[in-house]
Amino acid sequence: MLYLKNGYLIDPASGTEGYRDIIIKGDKIFRILPQGEGIEAEGAGEGFDGERTEIIDLKGQYIAPGLVDVHVHFRDPGFTHKEDIHTGAGAAARGGFTSVVLMANTNPAVDNPETLSYVLDKGKETDIHVYTCANVTKGLQGKELTDMEGLSRMGAAGFTDDGIPLMDEGLLREALRRAARCGKPVSLHEENPAFIVNNGVNAGKASRHYGIGGSPREAEISMVERDLRIAAEEQADLSIQHISTKEAVELVRQAKRRSRHIYAEAAPHHFTLTEDAVIEHGTLAKMNPPLREEADRLAVIEGLRDGTIDMIATDHAPHSVQEKAKPLTEAPSGIIGLETSLALGIRELVKKGYLSMPELIGKMSLAPARLYGLDAGYVAEGGPGDLVVFDPEREWVVDTFASKSVNSPFVGERMPGVIGYTVCGGKVVYRGEE
């Protein structure tokens with residue numbers, strides 16, 4: 001058993017906030033008690049119901065449901081020099097995440113039963129809950145739908161061709177219909193390649209600095225506008241991934257007033273950085289969709305604040321040092337994010353007054369769990385023994401990673417929010433430094 005005492009509980013599901021002691025038995029929460037009413041004995045030993053119990057004094061640290069990230073790339077199979085399922089899970093645990101949903105643009109793609117089984121089976125070997133989406137189309141080619149019903153029955157958490165937009169409107173419409181019958185969401189990467197000269201860099205100040213064409217905001221706006229309309233007509237759950245423009249945020253805001261099936265996610269880099277970061281950091285700040293202007297960053301924050309954007313998802317995208325060392329137009333897009341996500345949320349959203357701590361935790365746990373139908377994102381007796389313990393005031397420096405890759409523009413920065421413990425399935429799977 002595990003007894004966590006003197007923690008400040010934040011549960012976005014029940015609205016509970018205050019000091020509590022939590023006892024975990026097996027992989028479930030057994031008791032949630034007022035502070036000081038649990039086990040009195042100090043240290044590990046025969047502490048409760050005759051079972052050996054580890055007692056951890058949290059000393060006032062915050063305790064919340066284990067974080068949930070529904071947009072990560074673990075590069076396995078096919079690109080394991082960047083990341084694999086085990087190292088990705090380690091990075092997730094270090095960042096306070098107990099559940100992740102993998103994207104399906106691997107090699108081979110997750111468009112068949114064999115690859116889906118490989119990913120899910122390997123995920124079960126890790127210390128956290130690893131789920132995965134399957135592809136919408138075979139080979140991510142945008143031409144033929146996968147066996148969505150069969151992949152759903154095998155455990156696919158949702159469907160996406162993330163990294164590649166789905167250009168065929170009829171195909172998207174049919175995919176949404178089939179996903180709806182499966183009770184699974186479709187999440188879409190919204191960038192029309194017809195508008196893009198060089199991806200990963202905003203067409204504006206940053207592209208002018210480098211003398212390249214860049215990716216204009218119209219690439220995102222046009223796709224979001226089309227796909228929101230189709231999803232509303234089909235009454236199917238659609239998630240707009242890593243939203244980056246103020247116009248797309250407004251389109252989602254309006255669409256939500258017409259349909260309960262519309263969702264959106266924001267990545268920490270899009271509410272933290274602008275295209276100035278690409279000028280400063282080069283390829284380490286190159287990503288799809290790109291970092292844009294200050295007005296867009298503030299619009300993403302406002303979307304999070306008013307509920308237009310439901311959840312925060314990292315789009316954790318590992319790449320090797322050698323790949324990111326290539327010229328800007330040749331280097332791959334993406335940054336890692338699992339280990340800095342909570343800290344950026346605290347620094348950029350909570351400490352600046354845009355969100356309360358319960359609101360931040362809700363967008364990083366409960367909301368994504370609900371969209372994907374995961375048993376996660378809440379703290380309750382009988383509920384999952386998945387928790388994150390952190391100190392929002394204590395600071396740390398971004399200098400090492402559990403991820404296999406180090407491609408982050410935040411290296412060297414001082415951030416608030418030290419992870420003390422990550423607990424998954426009733427076991428401590430990450431312990432921070434004292």
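Rings of Phe, Tyr and Trp (for Trp, the six-membered one) count as a pair when their centres lie within 6.5 Å. The views below come from a predicted model.

**Figure 1. Tyr8, Tyr19, Tyr62 and Phe390 gather into a cluster through ring pairs.** With that cut-off, the count of aromatic pairs comes to three. Tyr8 meets Tyr19 edge-to-face, with 5.0 Å from centre to centre and 80 degrees between the planes. This contact brings together distant parts of the chain: Tyr8 belongs to strand β1 (residues 2-11) and Tyr19 to strand β2 (residues 16-25), eleven residues apart. Tyr8 is buried because its relative accessibility is 18%, under the 20% limit. Tyr19, at a relative accessible area of 39%, is partly exposed. Tyr8 also pairs with Tyr62, and here the geometry is tilted: 5.2 Å centre to centre, with 40 degrees between the planes. That pair spans distant parts of the chain too, since Tyr62 sits in strand β6 (residues 62-65), 54 residues away from Tyr8 in β1. Tyr62 is partly exposed, with a relative accessible area of 22%.

**Figure 2. Lys25 and Arg31 each place a charged end over the ring of Phe30.** For Lys25, the charged end is 5.0 Å from the centre of the Phe30 ring. For Arg31, the distance to the ring centre of Phe30 is 4.3 Å.

**Figure 3. The largest pocket holds about 570 Å³ of space.** Its lining is made up of 25 residues, and the ones closest to the pocket centre are Asn105, Gly163, His189, Asn288 and Ser333. Sorted by class, the lining of this pocket has twelve polar residues, eight nonpolar and five charged. One of the residues closest to the centre, Asn288, turns up again in Figure 4 with a cis peptide bond to Pro289.

**Figure 4. Cis peptide bonds come before Pro77 and Pro289.** Most peptide bonds are trans, so these joints deserve a close-up. The Asp76 to Pro77 bond is cis, with omega at about 15 degrees. Pro77 lies in the loop between β7 (67-72) and α1 (85-94). With a relative accessible area of 12%, Pro77 is buried. Measuring C-alpha to C-alpha in the model, Pro77 is 9.4 Å from Asn105, although 28 residues separate them in sequence. In the other cis bond, between Asn288 and Pro289, omega is about -10 degrees. Pro289 is in the loop between α9 (276-281) and α10 (294-306).

**Figure 5. An open, parallel sheet runs β10-β11-β12-β13-β14.** Five strands make up this sheet. At its edges are β10 (159-160) and β14 (311-312), each with a pairing on one side only. Further in, β11 (residues 186-188) and β12 (residues 238-240) run parallel and share three bridges. Zoom in on that pairing and you'll find Val186 opposite Leu238 of β12.

**Figure 6. Gln235 and Asp315 have a positive phi without being glycine.** Most residues other than glycine have a negative phi. Gln235 has phi near 55 degrees and lies in the loop between α6 (218-234) and β12. Gln235 is partly exposed, at 39% relative accessibility. Asp315 has a phi of about 55 degrees and belongs to the loop between β14 and α11 (321-324). Is Asp315 buried or exposed? Asp315 is buried, with a relative accessible area of 9%.

**Figure 7. The largest cavity encloses about 50 Å³ of space.** The structure has four cavities of 30 Å³ or more. Residues lining the largest cavity include Pro268, His269, Thr314, Ile335, Ile336 and Phe410. Helices α8 (268-272) and α12 (341-350) each contribute at least two residues to this lining. By class, the lining of the largest cavity has five nonpolar residues, five polar and no charged.

**Figure 8. Strands β16 and β17 form a hairpin with two residues between them.** Strand β16 (residues 414-424) runs antiparallel to β17 (residues 427-431), and four bridges join the two. Val423 faces Val428 of β17 across the pairing. In this hairpin, Gly425 takes a positive phi near 60 degrees.

Key
Residues are numbered from 1 along each chain as its sequence is written. This is a predicted model: local features need pLDDT of at least 70, side-chain atom pairs count only at pLDDT 80 or more; totals for chains, interfaces and linings use all residues. Side-chain values use heavy atoms; hydrogens and water are left out. Rings of Phe, Tyr and Trp (its six-membered ring) pair if their centres lie within 6.5 Å; planes under 30 degrees apart count as stacked, over 60 as edge-to-face and the rest as tilted. Buried means under 20% relative accessible area, exposed over 50%, partly exposed in between (1.4 Å probe, protein chains only). A charge sits over a ring if NZ of Lys or CZ of Arg is within 6 Å of the ring centre and within 35 degrees of the ring normal. On a 1 Å grid over the protein atoms alone, a cavity is a set of points where a 1.4 Å probe fits but cannot get out, and a pocket is an open set with protein on both sides within 12 Å along at least five of seven lines; lining residues have an atom within 4 Å of a point. Grid points are joined across faces, edges and corners, and a volume is the space filled by probe spheres set on the points. Ala, Val, Leu, Ile, Met, Phe, Trp, Tyr, Cys and Pro count as nonpolar, Asp, Glu, Lys and Arg as charged, and the others, Gly among them, as polar. Two strands pair if DSSP finds at least two bridges between them.
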